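Work through these exercises with the structure open beside you. Try each task before you read its solution.

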Amino acid sequence: MLGRTANGLYWMFRYIERAENSARLIDAGLRMALTRSEATEGDWDGVLQSAGVRELYDEVHDTLTSIDAIDFLLRDRANPSSVMSCIEAGRHNARMVRTALTRETWEATNECYLEMKAILAKKARPTDMPEIIDTIKRRAGLIRGAFHGTMLRNEIFNFSRIGTFIERADNTARILDVKYYVLLPAVAAVGSSMDNVQWESILRSVSAHRAYGWVYDAELKPANIADFLISNGRMPRSLAYCYEKIASNLGYLEREYGERHEAHETAERTLAALRSLSITDIMDQGLHEYLEDFISQNNRLGQEISDGYRFN
Amino acid sequence: MVKNKGITPLAFDEMMNADSSPRQPYSTYHEWYASQDRNRLIAKSKDAENIFRKTGITFAVYGHADSSEKLIPFDLIPRIISGREWRKLAQGIEQRVIALNAFLDDIYHKQEIIRAGRVPRELIEKNVAFLPQMIGFRPPGGVYTHIVGTDIVRTGEDQFYVLEDNARTPSGVSYMLENRETMMQMFPELFHQNRVRPVENYPYLLRQSLASLAPPGCSGKPRVAVLTPGIYNSAYYEHAFLADMMGVELVEGSDLRVIDGKVKMRTTRGYEAIDVLYRRVDDDFLDPLTFRPDSALGIPGIMDVYRAGNITIANAPGTGISDDKAIYSYMPEIVEFYTGRKPLLENVPTWRCSEPQSLKYVLEHLEELVVKEVHGSGGYGMLVGPTASKKERAVFAEKLKARPTNYIAQPTLSLSTVPILVNKGIAPRHVDLRPYVLVSDKVQIIPGGLTRVALKAGSLVVNSSQGGGTKDTWVLED
């Protein structure tokens, strides 16, 4: 396969993952605003931070309002992580690697783009938001379904999956990092209702508020939430799960090519650490430091994959 | 010489006779059509558009402010050609394509046709499409034009004319395939009732045909790739489509490098050699070391690899000299010179404005003629005399006088019509036809092709860049 094609697949799936993630963050933000008696614009501050676009927002807007924040996350082309920017970039990459995709996967991606472009042509009204978020999730689900149902399990599949999970690991780590202070018992007023909403918003940002209950009982505890999102290998957005997938897809490439790169070492090392460190170890070491380190290591892995497989 | 006073309103219609009975090839279809509910057909027409949009069968129009992709309108009434009509066409096309290749081989070697005085030397050697780099070089298998799209127009029951020989990188074949696919999806019953010859094996034939002309330096199974200028090219969809259907890599110049005397592509496993390159990049941009030095689309050094016999380039560089509009008027002589027979398919009568007598005639008859730029394409830079205003003709006359060698003129043929679906039923519109031809050790003509149709009543311009549409083209078994 062409290095350029591998690069296109990797980014196509990173962007689609990010589009869904941005939508989920908006969803969590809206939810918070609904469930709190004293919803403040400040809540959107945290959402923008989780999306990693807080500073960018200030370059475009003078004041922080929920309407502007939602629009910025949803459809502003000035924000490369907005839902529309990501879907456009994902579809652009899909067009570039059209020959590597099944007709079903391409059409699902193209239709997602066409529908979102039509829906997001105008600024969204607050009353339309639930339907818009729903459409994004459904469209992303259709792409995923077409991809899983029709693609050959070969190198094309592997590079796509690696893109998905590098992006997802980055997203989960960022959300946790932005909210880490909420999870620190020393700082937070444990048990207050406000904190429960904040905690729940973390879980909601990664679509895990229901699943959490199944695994840890209904009680929201900081250490359990961190454990769920970092170490729980059954949780599809946890760092451990992402790295299981990254390592196994890199493993397929290694066997098929008979070639090992720096990326293999990094991924396996990270996975081993995720498996062995307990959440208490991590909290003791400092959650913020741990996540900062993880994010930069995750970026480095992306670079090593790009170098090893001649993306550019 | 045919003399036409403007457009005759009574063009030959391929579906309906003057007495409102259907012509024979359309009889089965017409019966079906008569039984259809018009609203259902209009709804189907919208479905077809959705299919095309969903599939992403789009093209970019250069210079449009909204640079996004456009759909070429598809009309769901097929253009039907009988087996007998097709055989006649196919024989004529085959003869012409054989002559084109013989002509190319001759002018890049002995130039016998020039020495015989049948084609003027300066017309060849001063032509920008003539590549001195090809002199004395014979491409693998002696094939210059691997893929040809011969543009044909019809004016009557048995009158066909070749309008253009597209011998460089003819496009549009993806529409031929997608139009058929769409028709089969929407109206499967029609394909039970009519015996339509298949076109869908084109990608396999293309791949086989390309692989059979691998260079002498290729050992083992030839590796084929399609070279595209990239995602912003107007025909990008087609490049990706063909690569996908053939199961070969779609590459850009930046993916390729010359290493150890071979053209290699950068893959996730390192550099791997390519044996046959179906390039959809113009000659000028192919090799910055040989042609345009500012080209970022090509591969530095590929011409050296080519001349060393380590890669096949399809179509060969320099084939443009054979489909140049200035050469076109010599095609009857060229066909006869190399095949020893009169052309089976006629040329449209053509005045070469470079010749003073012709120029005089053209200037005096501008309101009857179509004047084209020798190097133009896509329907740009041409004058359609009968529909142009007096002022437009006057402006064009000045251009003609300033650079007569730049123009040729042809009578405005009364192109045949085929009906299209309109809101009130059906209405005749002018069409042309581009069948696709594959050349290897044999000449294969795909039974069908791309029918382009002018959507405006009376219009003779069928180019998609100027608002033309397409139809599925059926060749019937008989």
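**Exercise 1. Is strand β4 of chain B enclosed or open, and how does it pair?**

Task: decide how enclosed strand β4(B) is in this predicted model, then find its partner strands.

Solution.
- Step 1. Locate the strand: β4(B) covers residues 147-156.
- Step 2. Count its buried residues. A residue is buried if 20 or more other C-beta atoms lie within 10 Å of its own. In β4(B), 7 of the 10 residues are buried, so the strand is largely enclosed by the rest of the structure.
- Step 3. Take one partner, β5(B), at residues 159-166. It runs antiparallel to β4(B), and 7 bridges join the two. B:Val153 stands opposite B:Tyr161 of β5(B).
- Step 4. See how the chain gets from β4(B) to β5(B): a hairpin joins them through 2 residues.
- Step 5. Take another partner, β20(B), at residues 436-439. This pairing is also antiparallel, with 3 bridges. Here B:Val148 has B:Val437 as its bridge partner.

**Exercise 2. What is the overall build of chain B?**

Task: describe the make-up of chain B and test it against the rule for a compact globule.

Solution.
- Step 1. Count the elements: chain B has 15 helices and 23 strands.
- Step 2. Apply the rule. For 478 residues, a compact globule would have a radius of gyration near 23 Å. Chain B has 23 Å, so the two agree.
- Step 3. Check the extent. The C-alpha trace spans about 65 × 55 × 50 Å along its principal axes.
- Step 4. Look at burial: 44% of the 478 residues are buried.
- Step 5. Look at contacts between residues at least 6 apart in sequence. Of these, 69% join residues at least 24 apart.

**Exercise 3. Which parts of chain B touch chain A?**

Task: describe the side of chain B that touches chain A.

Solution.
- Step 1. Count both sides: chain B gives 17 residues to the contact and chain A gives 18.
- Step 2. Name the elements of chain B that each supply at least two residues. They are α2 (38-55), α9 (236-246), β7 (249-251) and β9 (262-267).
- Step 3. Sort the residues on the chain B side by class: 6 are nonpolar, 4 polar and 7 charged.

**Exercise 4. How do the two domains of chain A meet?**

Task: locate the domains of chain A and describe their contact.

Solution.
- Step 1. Read the bounds. The domain assignment gives domain 1 (1-151) and domain 2 (153-312).
- Step 2. Find the distance between their centres, taken over C-alpha atoms: 20 Å.
- Step 3. Count the contact: 28 residues come from domain 1 and 26 from domain 2.
- Step 4. Find the contributors in domain 1. Both α1 (3-35) and α2 (42-50) supply at least two residues. The largest share, 19 residues, comes from α1(A).
- Step 5. Sort the domain 1 side by class: 13 nonpolar, 8 polar and 7 charged.
- Step 6. Look closer at α2(A). Its buried residues include A:Trp44, A:Val47 and A:Leu48. Just after this helix, A:Gly52 takes a positive phi of about 75°.

**Exercise 5. Where does the largest nonpolar core lie?**

Task: place the largest nonpolar core relative to the domains of chain A.

Solution.
- Step 1. Give its extent: the core has 215 residues.
- Step 2. Find the residues with the most contacts inside it: A:Tyr243 and B:Leu277.
- Step 3. Find the element with the largest share: α1(A), with 15 residues.
- Step 4. Conclude. Both domains of chain A give residues to this core, so it lies between them.
- Step 5. Inspect A:Tyr243. Among the residues it touches are A:Ala169, A:Ala267 and A:Leu271.

Terms used
Residues numbered from 1 in each chain as written. Chains lettered and ligands numbered in written order. Predicted model: local features only at pLDDT ≥ 70, side-chain atom pairs only at ≥ 80, totals over all residues. Helix = DSSP H or I, 4+ residues; strand = E, 2+ residues; numbered from the N terminus. Rg over C-alpha atoms; globule rule 2.2 N^0.38 Å. Buried ≥ 20, exposed ≤ 12 C-beta atoms within 10 Å, placed from the backbone. Contact = placed C-beta atoms within 7 Å. Nonpolar A, V, L, I, M, F, W, Y, C, P; charged D, E, K, R; others polar. Domains from an automatic or database assignment. Core = buried A, V, L, I, M, F, W, Y, C linked by C-beta atoms within 7 Å. Pairing = 2+ DSSP bridges. Lists of a residue's contacts leave out its neighbours within four places in sequence.
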